[in-house]
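Here are some exercises to work through with the sequence and the 3D view side by side. Try each task before you read its solution.

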Amino acid sequence: MMKRVNTEVLRSSACLALLAVVALAGCKSGTQPNAALKPTGTGAAIVETSGGHQVGATGTALKDPVVVQVNDEQGTAVPGALVQFQGPAGVSFEPAAALTDTSGQATTAVTLGGIAGRYQLTAVTPGKAKPASLDVIETALGYQQRLGAILADKYCTRCHDPESSAERVSNYDNLETKPHAFTDGNTLNKMSDADLTAIIQYGGPALKRSALMPPYEKTLSLAEVRALIAYTRALADPPYQPAGTVYAHK
Amino acid sequence: MQSIRKYISSAWQALFGDPVRAFGVVSLVLLLALAVTPTKEHFSQWHSYQRKYLSLIRDRGDAVSMRRRFEPGIHQIWMPELGVVDRCTTCHLGLSEASLADEHQQPFRKHPAIPHSVDGFGCVICHGGQGAATTVSEAHHSERDGEAPILPTRYIEAGCGQCHQNAMAGTPQLNLGRTMLARYGCVRCHAVTRPDGTKMMPTDHPPSLVHVADKTTREWIYSWLKDPQAYAATATMPNYKLTDQDASDISAYLISSSKPQPGDTSAASVKNASAGSATNPADGASLYGQSFCSSCHAVQNAAGNVVGGDVGPELTRIGNKVKPEWLNAWLNNPRIYDATTPMPHYRFTPRQIATLADYLHSKTDADYGANVQLAAATPQQIARGRRLIIDGGCAACHEINGVQTPQNFAPDLSTIGSKPLAQIAFLPGMEHTVSTYIVSKIRQPRAFGGAVKMPQFALSNAQTDALTTALLAQTGRSRTIPDTLRVAAAEDTNYQPAGHAGKLMTELACFSCHRINGRGGDMAPDLTYEGSSVQRQWLTDFLKNPNTLRPSLIRRMPRFNLSDSDNKELTDFMLAVYQTSAVDPDTAPSATNPPQVVEQGRQLFYSKFACQSCHIVDTKTDKGYIGPTLTQVGSRLTPAWTYAWLKNPQALRPGTAEPNQKMSDEDARALTAFLMSLKGTSGKGAKQ
């Protein structure tokens, strides 16, 4: 059991270097197609309908299902096409294979693995000449990152996320100096942990930036600030590559 | 026989025939015997993991220091007071190695950051499994007597819940599960005792059925019983999978046993008041909006989304359910029908009642229950209905005439999380773990046999997982943990304000939304120190006509038609009683200040502290949306409160999102002076 996991993980580490994805990358360990499924259609392409880029907790089911659509060469939906869902070790799909419905869509509920990080899931449909596939990225948060998510939701998101939700109106548009979304890897990846700690603890002026960013030193503990940083690092797109991590040589 | 004996004696001769030979053979045997343990160790699983670990770290930049920290052999964490002998770290070698944080090869990954150290608690306290084992299968997957596999990651918060009975920021799933055990009525049938001996108490409010015939019809009860979620998608009442006959008989008993609510004459008077003049549906919708009914009640909109709060029942098809007379009486004063309802007594005028009632009655789905036709009930049906009610345990939640509340109706779940596997009747093909058992029981209780009484709840997977987590935390081990490690549940107090003001607060159901002295909801601000916080005139005006303090809030304070004397009574009471010594009027800045100090405060507001990012003081220039609008704060808050708040907001309201800015006394005084100068340009607050 452990042996199998290890080899899969090793393989996935190899993919990881290539894909430059921080966490578990796609090593195709999906289940075999369900023999009971009898495809009645064949598509040429597969596109995402919904369910990508979700953020969930390790080992738990994602909130929304992943829905993909199979199209033919003209871009018309193909019903009855076989779609298989695959992902790295630890990911489970319910179902792992399905036929597209009358609107050409296939839906699966996804449970992410026990390790925090980015998961690359793949939906594959056989196709006429060669299989067509689609990659979908989901993120699993560990304990510390999830704590950060809860804190961010309470203290930070209303300024940092330009999107409003049903429960909460965003304050982003009201700010003269615009903050960056925590998903903005291009900006945040360039900031060191020390700089992030400084701006969160002592406010914008600590880095000679706007005082619209308040100081949280007396409101949040250091552990909470670290949790917030861990959370932003986990969300970063493009992914955050911590400097100095040493990978084993081959 | 002969030949075997001959063979043995010749073999004996060959090995031990002469002393030298005998000595050699004995030595060899001894040597082999001595080599058994090291050899076994060499080929043991943990040893191979240790070798793998060494080769994993060999080429890393920090290999030298990691190699220095590595100790060969079996590792053990022993904590007698916790009953822990954990050898997990024999293979999980990188648990504290920072540079293995992203290592994918298990068992070498660094443990994610949590508030506890491995040295302090070991592993199995949280993860379960067999700590003393030294093979993966025994440690992780044992199903032997008294042993159980490790807790799946998705329920790991159950580990925390063994000591922590309180709700923590880092355990949302556990918190939700515990809330649901109380909210969905689980603990009404199942006893759940915490390790400290306190019982989990229900927080739901299932309606009493002693006057149910006043409220609704037998046909509606029938349809509801058959499928509660068909009436309201958000209904928490489970589905008992009743046959048509069962539902018909139970509804027959409930209607025939119902007694009319005595002494309610208001319904008739309301009816007379509205008679003749038709109400305007648009008025009804706007009164519904102004009264902030949607803070507590949800309605499904045209797009199919359920929008609104979940304190009260969903109202999408309320017109199908309630009788017009009952609705009038309820809107007039809900406390007559149900003395403990979370719904406030709004003091609507008869005209308002008629308007709202007509509006609610328009929420009728013509298709719902359209083909339910029940013949008049026979005495046998009614008697059978009563038996079904007793068998089904309906009275565990609902008060029903002629049926007693059952005691210990369902199995005690206090230690379900460590239920021995041998005592569980797993279904064929089911994974043999307690977690799988609990999940399946919640998801499809009736799959465990026709005699199972547990009904079918309409829960999402996330809700089922949350409940499972909360139940898995109920272990035998949690009861043997030293008291010093336990964190008690923060339960509501039974605080009840005294006197006429107290009676008013009950009638207005303040505690449904506000928390005071440890009792009440969390939808609106905690009012424990409200008397120190606000000025008299403002409070009086606010109770009369609550204007919105936070424009971004969706749930708001409704308007009650309080009489002036009741208003004064409440204001006096709150100002006198809800005080804190942390706010000291004697040392605080005064309400009026020299212009240069006010100006200094204004500078601080806009530049150093940039308060405009969340607050509006000037509607023309500021746009901040997060905190309350401060255009009239000088007429609302006391200077003493404002000063104390600026110095340390969390001391006055723990958990507030307002950051503590570490303000100097001087800055806080100047800012207070500025804020106190903001009396607003219009409105009642300005004149004083």
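The model shown is predicted, so treat each solution as a reading of that prediction.

**Exercise 1. Covering a helix**

Task: Find which elements of chain B cover the buried residues of H25(B), and list which residues of that helix are buried.

Solution: Begin with the cover. H19 (334-337), strand S5 (515-516) and H28 of chain B are among the elements that cover the buried residues of H25(B). Next, go through the helix itself, which runs over residues 499-507. Its buried residues are B:Ala501, B:Gly502, B:Leu504, B:Met505 and B:Glu507. Finally, step just past the end of the helix: B:Ala509 has a positive phi of about 55° there.

**Exercise 2. A threonine in H28**

Task: Decide whether B:Thr571 is buried or exposed, and name the residues it contacts beyond its sequence neighbours.

Solution: First locate the residue. B:Thr571 sits in helix H28 of chain B, residues 564-577. Now compare its relative accessible area, 1%, with the cut-off for buried, which is under 20%. B:Thr571 is therefore buried. For the contacts, set aside neighbours within four places in sequence; what remains is B:Arg536, B:Leu539, B:Thr540 and B:Leu543.

**Exercise 3. Two positive phi values**

Task: For B:Arg347 and B:Asn517, say where each lies and how exposed each one is.

Solution: Take B:Arg347 to start with. The loop between H19 and helix H20 (350-361) of chain B holds B:Arg347, and its phi is near 60°, positive although the residue is not glycine. With a relative accessibility of 18%, B:Arg347 counts as buried. Then turn to B:Asn517, in the loop between S5 and strand S6 (519-520) of chain B. Its phi, near 50°, is also a positive value in a residue other than glycine. At 34% relative accessibility, B:Asn517 counts as partly exposed.

**Exercise 4. The overall form of chain B**

Task: Work out how the radius of gyration of chain B stands against the globule rule.

Solution: Count the elements before the dimensions: chain B has 33 helices and six strands. For its 688 residues the globule rule gives 26 Å, and the radius of gyration is 35 Å, well over that value, so chain B is more spread out than a compact globule. The spans of the C-alpha trace along the principal axes are about 125 × 85 × 45 Å. Then look at burial and contacts. Of the 688 residues, 47% are buried. Among contacts between residues at least 6 apart in sequence, 62% join residues at least 24 apart. The accessible surface is about 34,400 Å², with 57% of it belonging to carbon and sulfur atoms.

**Exercise 5. Two cavities**

Task: How many cavities of 30 Å³ or more does the structure hold, and which residues line the largest?

Solution: The search gives two cavities of 30 Å³ or more. The largest contains about 40 Å³ of space. Its lining is made of A:Val66, A:Val68, A:Phe85, A:Phe93, A:Thr108, A:Val110, A:Leu121, A:Thr122, A:Ala123 and A:Val136. Sort these by element: strands S3 (66-71), S7 (105-111) and S8 (117-125) of chain A each give two or more residues. S8(A) contributes the most, with three. Sorting by class gives eight nonpolar, two polar and no charged residues.

The second largest cavity also has about 40 Å³ of space. Its lining consists of A:Thr157, A:Arg158, A:Asp161, A:Glu163, A:Arg168, A:Val169 and A:Ser170, which divide into one nonpolar, two polar and four charged.

**Exercise 6. One residue of the lining**

Task: Place A:Ala123 in its strand and find what it touches.

Solution: A:Ala123 belongs to strand S8 of chain A and is buried, at 2% relative accessible area. Leaving out residues up to four places away in sequence, A:Ala123 touches A:Ile46, A:Val68, A:Val83, A:Gln84, A:Phe85, A:Ala132, A:Ser133 and A:Leu134. Pick A:Ser133 from that list: it is 10 residues from A:Ala123 in sequence, and their C-alpha atoms are 5.5 Å apart.

**Exercise 7. Cis peptide bonds**

Task: Where do A:Pro238 and B:Pro107 lie?

Solution: A:Pro238 follows helix H6 (222-235) of chain A, in the segment after it. The bond from A:Asp237 to A:Pro238 is cis, with omega near 0°. B:Pro107 lies in the loop between strand S2 (84-86) and helix H5 (118-121) of chain B, joined to B:Gln106 by a cis peptide bond with omega about 10°.

Technical notes: Residues numbered from 1 in each chain as written. Chains lettered and ligands numbered in written order. Predicted model: local features only at pLDDT ≥ 70, side-chain atom pairs only at ≥ 80, totals over all residues. Heavy atoms only, no water. 1 Å grid on protein atoms, 1.4 Å probe; cavity = no way out; pocket = protein on both sides within 12 Å on 5 of 7 lines; lining within 4 Å. Points joined across faces, edges and corners; volume = space filled by probe spheres on them. Helix = DSSP H or I, 4+ residues; strand = E, 2+ residues; numbered from the N terminus. Nonpolar A, V, L, I, M, F, W, Y, C, P; charged D, E, K, R; others polar. Rg over C-alpha atoms; globule rule 2.2 N^0.38 Å. Buried < 20%, exposed > 50% of the residue type's maximum accessible area, 1.4 Å probe, protein only. Contact = heavy atoms within 4.5 Å. Areas by Shrake-Rupley, 256 points an atom, 1.4 Å probe, with all protein chains shown as cover.
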